[in-house]
Structure formats: C-alpha cells, structure tokens
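Here's a short set of exercises to work through with the viewer open. Try each task yourself before reading its solution.

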Protein chains: 2
Amino acid sequence: MTPLPRSTRPTMNDVAKLADVSLKTVSRVVNGTESVSAAKAVRVEAAIRELGFRRNEQARQLRQGTTATIGLIIEDLADPFYSTLARAVEEVAHAHHHALLVSSSAEDPRRAEALVRSLSGRGIDGLIITPAEGMDPRVLAAEGEAGCSLVFVDRPSVDVDADTVLVDNRGGTAAGVRHLLAAGHRRIAFVGDTASLYTAQERRIGYLEALETAGIERDDNLVLMANPAAPESGEAFLALLDRDNPPTAILSGNNRWSVRVVRLLRQRGASIALVGFDDFELADALEPPVSVVAQDPAAVGRLAAELLFSRLAGDTGPRQHIQLGATLIPRGSGERAPR
Amino acid sequence: MTPLPRSTRPTMNDVAKLADVSLKTVSRVVNGTESVSAAKAVRVEAAIRELGFRRNEQARQLRQGTTATIGLIIEDLADPFYSTLARAVEEVAHAHHHALLVSSSAEDPRRAEALVRSLSGRGIDGLIITPAEGMDPRVLAAEGEAGCSLVFVDRPSVDVDADTVLVDNRGGTAAGVRHLLAAGHRRIAFVGDTASLYTAQERRIGYLEALETAGIERDDNLVLMANPAAPESGEAFLALLDRDNPPTAILSGNNRWSVRVVRLLRQRGASIALVGFDDFELADALEPPVSVVAQDPAAVGRLAAELLFSRLAGDTGPRQHIQLGATLIPRGSGERAPR
DNA sequence: CTGTTAGCGCCTTCAG
DNA sequence: CTGAAGGCGCTAACAG
C-alpha cells in the first residue's frame, strides 16, 4: 500500500529549504518562542505564505506528548440534557484551545469501553465521561494510570475514584415531592427511568425520603421504574392511573418521562398534578404549564470541564465531588390541589 | 517545561524487550497483518497483557498519514436540530471506526475559520461543516487541496464546490403556505431568522413564491426577518399583529421562532393560525397542537456522513448536491380558519 | 542568534 | 518467518 500521498502538504523542511535557513529556525518562527533575526524571520514568513504551510499538529503532539484534545463520552448526544452539557464543555475546551472528541455510549457498556479505548489511543489529554451502567471499571482505572485526567459527570463510577460533578438528585426530587405535599397531595406516584440507572435510583430514594419525612406510608404500587421510550411503559403508566385508590399527583423522574406523561394525560383528558425532574423546552407553554425541578446541564458541563483543565494545569489537590443543586420552578401543574 | 512524563505508557519497544523479540514482530502481532510463528505470538501477547500495552494511535497516524477521525462544525451543538444531526454523523463515523471532533461556530465566521484550521491541523480525514455566513472561502478551499474531503450540510458555501446535503427549504415553506391558503387564509405573515442566513432567505423565497403562484399580492409589511433570540424581536412580532389589517396566519421560519411565537400568542391570549418550519418537541402537545413542515436532521447528518465516507473510500464521482424533502404535518394550528 | 543531532512511537522498506 | 535500518514532521537539548 502506498503511504498515502496526503496531497502535498508542505513541511517545515520545505519552508526551511525555500527560505534557506535551518529547520530549527523555521520552528522558532512558527512557534514564536525564541527570537530570530528580523531578516531571517521575514524570509521564513514569506516562504510560509508562499507554500501555504501550516504546522502539522500530529507530529508536534507526538513529540510533546500532548494532543490539545479532550474527550467527552455521554449517553446520547441527541438528548437535550447531554447536548447542552456537551456545548458547555466545548466552550470551555475552546477557551483553552483544545478540541473536543464526542461520543455517545447509547447506554451500552461494551460500546462505552470501546470508546474509552479508542479515545485514549488517540492520546486525549483528559476525559469527561458519564459512565455507562455495567462498564468494566478497570477500563477507566487504566486511563487514570495512563496519565489521562478523568472527570465523571451525571453519575459516579463504581470502584473508580475521580473528580465528579453531579446534581443533587435526591434533594431535588424531595423538594418536588414536598411541593406536591404542600398542595395537599398524599398519594403521589413516582415515575422514573429504568431502576438500573444511577440517577433514576437516586431520585426514587429522594422521593421515598420526602414521603417518610412527611410521615406518609410508602406504597410501592405508586412507583413505576421503566424506560420512557418503550411502548409498554405507556400502558404501565396508564395502569397506575386506573388502579383503585389512584394517585392524585405524579413526580416524573426525568424529562423524557415528563414529556410522555404530558402526552398520555392529554390523550386521556386527565388533569392531575405533575412535577417533573429536569426542565424541558415549552414546559411553560403547555396547558397547564409544567412545574419542574430544574437541573443546569450547562453548569454541569462547564464545571466538569473547568475541573478537568485545572487538573491538566497541574492541580493535584484532593479529588473533588461537586454536587449542584436543582431548582424548583412552579408553573401551574404542580400547584393543583387533589381532586 | 518538562516533556510531560505521560506516565509510563508502555511502547512496542517495551513489549519487544519483555517478549525477547524484535519491534517488528510485535507490530505484526498487534496489527495481525502478517503471520508470526505461534510461539512468538504467544510470548508477545503475554507481554502485551502484562504491560497493559495499547498501540499509540498518534504515532501510527503520523506514519500512515490518516487519523481515523472526522470533524464536524455546526452552528450550535445545543440546538436540537444540530445535536440530532451530530448524533447521526457520530453513528455513521462509529460504524466506520472513526472518531468525531465536534465544534460549534456560534455563527461567528472568524471562529469558524479558526476551527477549520484547528481541526485540519489535527489531521482529520474529512470535514462536515455548516459554513458560517461570512467565512473566507479560501480557508475551506485550502482543505480540499490539502486532501481533506469536505461535505457541506444545511447550507452551501459560496465559491467552494463540494458535496452538499441540504433540505428543500423553498419547497417546504411553500407547502406550508399552501396549507394555510387552503384553510382560507389570504393575509399570511412570514417570520424568519436574520436575513443574512441562507436558510432564512430560502424559506422567505419559498413563502413569496407560494403567494405569487396563488395570485396574492406581496405585502412586505407581513415579513419579519429577525433573530428569534433577541428581546426586541418579540416586540417586532407583536407589532406585526397589531397593525391595521393584521395577518390571519403565520408561517414561522424555524423552530426557535415557532417556540417564541407560541409563547407570545399564549401571553396575548391570541389564537391565530400557525405553521412552523422544522418540527420541535411537544409541538403535538400544545393547545392547539402546532402544524409543522418537518425536516429530518438525522437523515441530513447520516447522508452527509455516508457521502463523506464514500469519498474517503475513494469515490471520485462528480460532486453530489443532495436535497432532502420536508414533510407537512397537520396537527391543528395550521387548519384554523381565518377569523 | 543559529544550526546540528537525536528521538517521540510506529510502520515500511528490504535484507536475512 | 524474522530483524535492522530509515523516516513520518516536529521539537528538545545541546553545541557553535
């Protein structure tokens, strides 16, 4: 196989020849670190322009052992929560002159492991990751040892201690439940994502804790943990509404469930109190507007990225575990009294 | 500055020493291309496991002149249209064992140029880009010459001929307008993004063409071109509603305007026919549900990526200019009769 | 201020 | 089947 023509991109050597100076002098001019006599600098610059030379970052990076690139592995880039987070990470990376490699693990632990290896092999300087449930922790531990800084977002990883940025899932959900309790509700259902997900589990715990604090007996029949994207989940939710002694309010555990609940209630013509965890677009324009406990995905991304860059800059302080608050936004649906 | 310890990641040389074979033999085992005697292969594999060796992709890429990485530059990763597109690109890239570098140009032509240079310097094999308005075409042309395949999405680039995937903005908007005409409207407003944007301009033209075909006299007072995110745009929109002989229907030119229009109409308590270009989440759950002309951002991303990979695989056929259709989805808001 | 030498980690000749 | 030598493009270390 031919070594790929790679077109004819000029190298420093070409520039050096044309300007009739040494390779190193070109390097000095390009990087502007050391001083070069004005005469030669001008010749070099002219040669650079003439040839359209641009420094080959790959070669530079191989030499320096750094890539000026960080990686981001999330569940799903198409999910508004993660795309907002990714945008914030990108902005911080850009400010630090780093590029961003983004990948979605799609909740598949094997794929997540492969992505970590793939990004790592490309020599990223750091990695921000939402660890997929069921990942082999050794894959991540290996990164830490390989000198690649690691920050977890949205969930911690089992068995790997690294900087972590997450949201106060329990406290936020509990606040949502208390809001419904204050409106007079006593039978509040919790509708969350698959029980295997960390955030879903934490939010369920927050829900239970708030009920317990209020002295309300726990009723597991009011808890539904299921994938909001699965068709059968809709029926499970409707069954929840149709049982004897049905709930008068719903705490939905993420925005995908909130959206689905809104649609299902709408089809039913049912009006029942609702508070959703995680805000979503147009929640304020629905009828009634949906009250939510809002996270700040951009803040999660920004803090994670800033933490990562502080590590890359040499900060060797103790591991940080940052927990961001979640804010209740009353809009109408959560203030309805029980029927 | 110390040359960064880069921790102690083992190299092929380390593996070779431990297995007591030559560097080249390790290379052969790692890449599995040429055959190696079983005995040595076993020793090498054991050494690889023991050291936790993983091939340094950077070095490999420098040698081979390919990075197995493609770049994607869009306006804003946090915008649902672009994040969905990006997700689709990522999926195709993953299927081709390529990583994806993502960057948002934030509508800033200088930033977009810097991003192109930055990604290009990292040696990406191909680039998918939504060219920012006002970019220097030479920056992009240079990529083509440097042997980096280029695909434009969502808009074409001036002065640079490359593969392009875009949506039928004119036809889609015209279909939306015809839908409103069929419901009996004669005074239809067009509310689009800043006039300098390609898609906004195309949609405005589609709107005008549909009116002309229907024999309706053009009224430029019914056209508003403004940034949907700017505060003053809201007032401009309300002024449109308050003028003498106001419109009985609105064609909104993108999803950000649609969302804003929905909110403004809601605040006003006004009920007026509406069709939006580009679908958005929960459009079906609003009151009334919003009729839209839907694009398929995932299809745009997928086709662009597939086109790019076919080029990388050696397809040297003529430039392709793919135009995807847009689909009218009637939901209620566009079927209202004029008052 | 300038140039030479060496080598980052790997792959590709080309001899054994 | 195996190994030695050379180089991808660049930068660090050391001379002049």
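How many helices and how many strands does chain A have? Chain A has twelve helices and twelve strands, where helices (H or I, at least four residues) and strands (E, at least two) are DSSP runs numbered from the N terminus.

A quick note on conventions: this is a predicted model, where local features need pLDDT of at least 70, side-chain atom pairs count only at pLDDT 80 or more, and totals for chains, interfaces and linings use all residues. Residues are numbered from 1 along each chain as its sequence is written, chains are lettered from A and ligands numbered from 1 in the order in which they are written, and side-chain values use heavy atoms, with hydrogens and water left out.

**Exercise 1. Work out the overall dimensions of chain A.**

Step 1: take the C-alpha trace, which spans about 90 × 40 × 40 Å along its principal axes.

Step 2: check the radius of gyration, which is 26 Å for chain A, against near 20 Å for a compact globule of 339 residues. The radius is taken over C-alpha atoms, and the globule rule is 2.2 Å times the number of residues to the power 0.38.

Step 3: look at burial. Of the 339 residues in chain A, 52% count as buried (under 20% relative accessible area; exposed is over 50%, partly exposed in between; 1.4 Å probe, protein chains only).

**Exercise 2. Find how chains A and B are related.**

Step 1: superpose them by least squares on the C-alpha atoms of residues with pLDDT of at least 70 in both. A 180° rotation with 0.0 Å of shift along its axis puts chain A on chain B, at an RMSD of 0.1 Å. That's the relation of a two-fold axis.

Step 2: locate the axis. In chain A, A:Leu101 has the C-alpha nearest to the axis, 2.2 Å away.

Step 3: compare the two sides. The copies meet through the same surface, because 100% of chain A's interface residues are also interface residues in chain B.

**Exercise 3. Trace two buried residues of chain A to their partners in chain B.**

Step 1: start with A:Gln58, in helix H4 (residues 57–64) of chain A. A:Gln58 counts as buried because its relative accessibility is 7%.

Step 2: list its contacts (heavy atoms within 4.5 Å), leaving aside neighbours within four places in sequence. Among them are B:Gln58, B:Gln61, B:Leu62 and B:Arg122.

Step 3: move to A:Glu143, in helix H7 (residues 137–145) of chain A. At 2% relative accessibility, A:Glu143 is buried too. With neighbours within four places again set aside, A:Glu143 touches A:Val116, A:Ser120, A:Cys148, A:Leu150 and B:Arg54.

**Exercise 4. Pick out the backbone details worth checking.**

Step 1: which peptide bond is cis in the loop with A:Pro288? It's the one joining A:Glu287 and A:Pro288, with omega about -5°. A:Pro288 sits in the loop between strand S9 (273–277) and strand S10 (291–294) of chain A. In chain B, the bond from B:Glu287 to B:Pro288 is cis as well, with omega near -5°.

Step 2: look for positive phi outside glycine. A:Asp154 has phi near 75° and lies in the loop between strand S4 (149–153) and strand S5 (163–167) of chain A.

Step 3: is A:Asp154 buried or exposed? A:Asp154 is buried, with a relative accessible area of 6%.

Step 4: turn to B:Glu107, whose phi is near 60°. B:Glu107 is partly exposed, at 37% relative accessible area.

Methods: Contact means heavy atoms within 4.5 Å.
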